[in-house]
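Please open the model in your viewer and keep the selection tool at hand for the stops that follow.

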Amino acid sequence: MQKLNWRRIVLKVGSALIAPEQDGCRSRYLLTIAQFIVRCRAQGIEVILVSSGSVAAGSHLFPEQEKRSVTMKKAMAAAGQTEMMAMWDRFFDFPSAQILLTHGDLRDRERYTSIRETVFTLLEHGVLPIINENDTVTTDDLKVGDNDNLSAMVAAAADADALMIFSDVDGLYDKNPNLHEDAVLLPEIDSIDESIYAMAGCATSAVGTGGMKTKIEAAEKATSHGITTFILNGFKEETFNRLLAGDNPGTIFKPYEKPMQEAVHWMTHTANEQGEVVVEGSFDESLKDEDGCIRSDEIVAVHGEFGVGDTILVRSDDGTRLAKATANYSSCLLNFIADNEQSEFSEKMQDSIGPVVSEKDIALLEKS
Ligand SMILES: Nc1ncnc2c1ncn2[C@@H]1O[C@H](COP(=O)(O)OP(=O)(O)O)[C@@H](O)[C@H]1O
Ligand SMILES: N[C@@H](CCC(=O)OP(=O)(O)O)C(=O)O
């Protein structure tokens with residue numbers, strides 16, 4: 001067998017593979033995935049597992065007519081998660097560790113750093129991290145909402161070099177193969193643009209969340225961090241044998257040649273903006289000046305409440321989203337400076353703190 005040159009990989013397993021009949025976990029497909037994990041580890045590849053399926057696994061414990069409510073789904077997730085972890089743990093003779101996350105955790109830089117450190121420590125000690133969204137505590141505001149995007153955020157946080165999304169189809173087709181007989185499998189995607197998103201339809205299984213759209217979003221997040229991304233059929237044993245032989249059995253998304261740095265990537269794809277500052281014009285000009293930064297006198301408006309170190313959106317006065325950045329000033333102080341523009345105190349304040357945002361903490365956005 002060929003030696004694979006991945007150093008660290010993230011595997012994302014969809015609900016249909018965990019609980020295909022929605023009446024508890026089934027080992028039918030998981031056994032093959034577990035064997036793949038064992039074989040990768042035997043080759044010295046570090047593995048992180050992002051496992052969906054807690055809702056599908058816990059579903060059989062609750063009455064059918066009540067399953068639609070959000071509260072009931074959270075209860076299903078809480079019960080199903082235990083069942084799912086027990087199932088995974090049974091396959092391995094090395095320890096595994098459960099990590100339950102929300103977007104609230106990932107978008108907070110301190111908690112994000114703590115998650116990274118924990119994952120690295122587990123890997124260093126041979127423990128398999130098994131990650132899922134913490135569905136029980138999420139609200140609309142706190143959740144990632146789908147494990148495809150979650151797995152990409154995890155892959156970036158863990159500095160993985162490959163993300164493998166195992167689903168119930170062979171890869172990305174030019175249209176949904178479950179609805180169109182003539183759909184064609186696309187083995188290789190060099191770059192992701194609107195034409196790729198246009199091919200993606202919704203999930204057609206009873207248990208999937210997001211369908212292909214969220215998988216493409218995940219691929220975009222991961223490839224921009226230099227992470228090769230695959231969409232693969234986890235139902236087929238052949239998929240795993242071909243991966244181990246160095247083949248591509250599904251769709252591969254090529255990584256960016258110039259990946260974003262970790263902090264910029266986090267700001268662009270994981271952090272939420274806490275507020276925004278509006279600048280005049282395109283702000284490309286501001287970046288071109290000698291400090292490569294924005295000073296408070298260039299700001300025409302401040303919206304929302306944010307503190308020092310929070311992520312903010314920089315918007316131009318015509319509404320264009322220009323960049324995300326780390327704020328060096330709180331919104332309160334910026335408003336004070338704006339109200340007292342000419343005062344000596346305000347001048348001194350800016351001289352001592354420096355620019356509102358500086359170049360090293362700016363992630364430029366596609367103009368939209
Ligand atoms: N262009 C496409 N190519 C492949 N699958 C697609 C496409 N558009 C929509 N789909 C649907 O996406 C589904 C996979 O997504 P999903 O059900 O969310 O899986 P998972 O639970 O593995 O995340 C497929 O079963 C298929 O019905
Ligand atoms: N966190 C949810 C999974 C959400 C999800 O994205 O599911 P899937 O589309 O099957 O990967 C659960 O464990 O049921």
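This is a predicted model, and the tour begins at ligand 2, whose surrounding shell is made up of one nonpolar, nine polar and three charged residues. Select that shell of 13 residues and look for K12, S15, S52, N147 and T209, which come nearest to the ligand.

Next, show the atoms of S52, where a polar side-chain atom lies 2.6 Å from an oxygen atom of ligand 2. Add V55, which approaches through its backbone instead, with an N or O atom 3.0 Å from an oxygen atom of ligand 2. Then select D135, where a polar side-chain atom is found 2.8 Å from a nitrogen atom of the ligand. With the protein surface switched on, consider how much of ligand 2 is covered: taken alone it exposes 380 Å², and the protein buries 93% of that.

Now turn to the sheet and colour its eight strands, which form an open sheet with mixed pairing in the order β3-β4-β2-β1-β5-β7-β8-β6. The edges are β3 (96-101) and β6 (188-189), each of which pairs on one side only.

Within this sheet, select residues 162-167 and 228-233, that is, strands β5 and β7, which pair in the parallel sense over six bridges; along this pair, M164 stands opposite F230 in β7.

Finally, select residues 70-91 to bring up helix α4, which packs on the sheet and touches β1 (8-13), β2 (46-51), β3 and β4 (128-133). Viewed against β3, the direction of helix α4 makes an angle of about 150° with that of the strand.

Conventions
Residues are numbered from 1 along each chain as its sequence is written. Chains are lettered from A and ligands numbered from 1 in the order in which they are written. This is a predicted model: local features need pLDDT of at least 70, side-chain atom pairs count only at pLDDT 80 or more; totals for chains, interfaces and linings use all residues. Side-chain values use heavy atoms; hydrogens and water are left out. Two strands pair if DSSP finds at least two bridges between them. Helices (H or I, at least four residues) and strands (E, at least two) are DSSP runs, numbered from the N terminus. Contact means heavy atoms within 4.5 Å. Axes are lines fitted to C-alpha atoms, for helices over the stretch in contact, and angles run from 0 to 180 degrees between N-to-C directions. A residue is near a molecule or strand if one of its heavy atoms lies within 4 Å of it. A polar contact is a pair of N or O atoms within 3.5 Å; within protein, one must be able to donate a hydrogen and the other to accept it, and residues adjacent in sequence count only if both atoms are side-chain atoms. Accessible areas come from the Shrake-Rupley method with a 1.4 Å probe; for residues, only the protein chains shown count as cover. Ala, Val, Leu, Ile, Met, Phe, Trp, Tyr, Cys and Pro count as nonpolar, Asp, Glu, Lys and Arg as charged, and the others, Gly among them, as polar.
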